Amino acid sequence: MEEYFQKAISHCIDIGMKQPCILCAVSPNGSVLAMRFNEGHDPDPLTEPFENDTFTAPLNLMVVDRDGKAMRVVINRGDISYH
């Protein structure tokens with residue numbers, strides 16, 4: 001999952017979003033994860049209530065940058081799409 005989070009953040013930065021960015025991941029089974037990404041630092045976990053320690057597909061991500069711009073990212077069985 002870390003790989004997909006990094007891909008999502010990299011894509012957002014490539015299109016002009018500014019760090020720090022907050023990434024929220026939501027799974028249909030109720031698992032939720034929120035992290036802060038800031039250049040040159042490890043991600044800071046903000047919340048981690050997992051349902052049975054798993055995420056199910058499709059996984060929906062919302063990335064918000066310091067200016068309030070937002071991107072929705074959907075991860076479904078290895079495919080990633082940006083909205």
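**Salt bridges, sheet order and local backbone features**

Asp 44 is partly exposed, at 36% relative accessibility. This value, like those below, comes from a predicted model. The side chain of Asp 44 meets that of Arg 36 in a salt bridge, with an N to O distance of 3.7 Å. Arg 36 is also partly exposed, at 32% relative accessibility. The two residues are linked through the backbone pairing as well: Asp 44, in E3, is the bridge partner of Arg 36. A further bridge partner in E3 is Thr 47, which faces Ala 34.

These pairs belong to the contact between E2 and E3. Strand E2 covers residues 32-37 and pairs with E3 in the antiparallel sense, over three bridges. The hairpin of E2 and E3 has six residues between the strands. Within this hairpin, Gly 40 takes a positive phi near 80°.

The hairpin is part of a wider sheet. Six strands make up an open sheet, with antiparallel pairing, in the order E3-E2-E1-E4-E5-E6. Its edges are strand E3 (44-47) and strand E6 (79-82), each of which pairs on one side only. On average, neighbouring strands of the sheet are turned by 20° against each other, direction ignored. Asp 44 therefore contributes its salt bridge to Arg 36 from an edge strand.

How many salt bridges does the structure hold? The total is two. Side chains of opposite charge can pair when their charged atoms come close. Besides the Asp 44 and Arg 36 pair, Glu 3 forms a salt bridge with Lys 7. The closest N and O atoms of Glu 3 and Lys 7 are 3.4 Å apart. Both residues lie in helix H1, which spans residues 2-14. They are four residues apart, about one turn of the helix. Glu 3 is exposed, at 52% relative accessibility. Lys 7 is partly exposed, with a relative accessible area of 41%.

Asp 65 presents another case. It lies in the loop between strand E4 (59-64) and strand E5 (70-76). Asp 65 is buried, yet has no salt bridge. Why is the bridge absent? The nearest side chain of opposite charge, Lys 69, is 5.1 Å away. A salt bridge requires a nitrogen to oxygen distance within 4 Å, so Lys 69 does not qualify. The side chain of Asp 65 does have a polar neighbour in the backbone: one of its polar atoms lies 2.9 Å from the backbone nitrogen of Lys 18.

The cysteines were examined next. A search of the whole structure finds zero disulfides. What separates Cys 21 from a bond? The closest cysteine sulfur, in Cys 12, is 6.3 Å from that of Cys 21, which is too far for a bond. A disulfide would need the sulfur atoms within 2.5 Å. For Cys 24, the closest cysteine sulfur is in Cys 21, at 11 Å, again too far for a bond. Is Cys 21 buried or exposed? Cys 21 is buried, with a relative accessible area of 0%. Cys 24, in contrast, counts as partly exposed, at 24% relative accessibility.

Several backbone features stand out from the general pattern. Most residues other than glycine have a negative phi, and most peptide bonds are trans. Two cis peptide bonds are described here. One runs from Gln 19 to Pro 20, with omega near 5°. Pro 20 lies in the loop between H1 and strand E1 (21-26). The other joins Ala 57 and Pro 58, with omega about -5°. Pro 58 is found in the loop between E3 and E4. Arg 77 has a positive phi, near 55°, although it is a residue other than glycine. Arg 77 sits in the loop between E5 and E6. Arg 77 is exposed, with a relative accessible area of 76%.

The loop between E3 and E4 also holds Thr 54. Thr 54 is partly exposed, at 36% relative accessibility. Thr 54 and Gly 16 are 38 residues apart along the chain. Their C-alpha atoms are separated by 31 Å.

Conventions: Residues are numbered from 1 along each chain as its sequence is written. This is a predicted model: local features need pLDDT of at least 70, side-chain atom pairs count only at pLDDT 80 or more; totals for chains, interfaces and linings use all residues. Side-chain values use heavy atoms; hydrogens and water are left out. Buried means under 20% relative accessible area, exposed over 50%, partly exposed in between (1.4 Å probe, protein chains only). Two strands pair if DSSP finds at least two bridges between them. Axes are lines fitted to C-alpha atoms, for helices over the stretch in contact, and angles run from 0 to 180 degrees between N-to-C directions. Lys and Arg count as positive and Asp and Glu as negative; His and the chain ends are not counted. A polar contact is a pair of N or O atoms within 3.5 Å; within protein, one must be able to donate a hydrogen and the other to accept it, and residues adjacent in sequence count only if both atoms are side-chain atoms.
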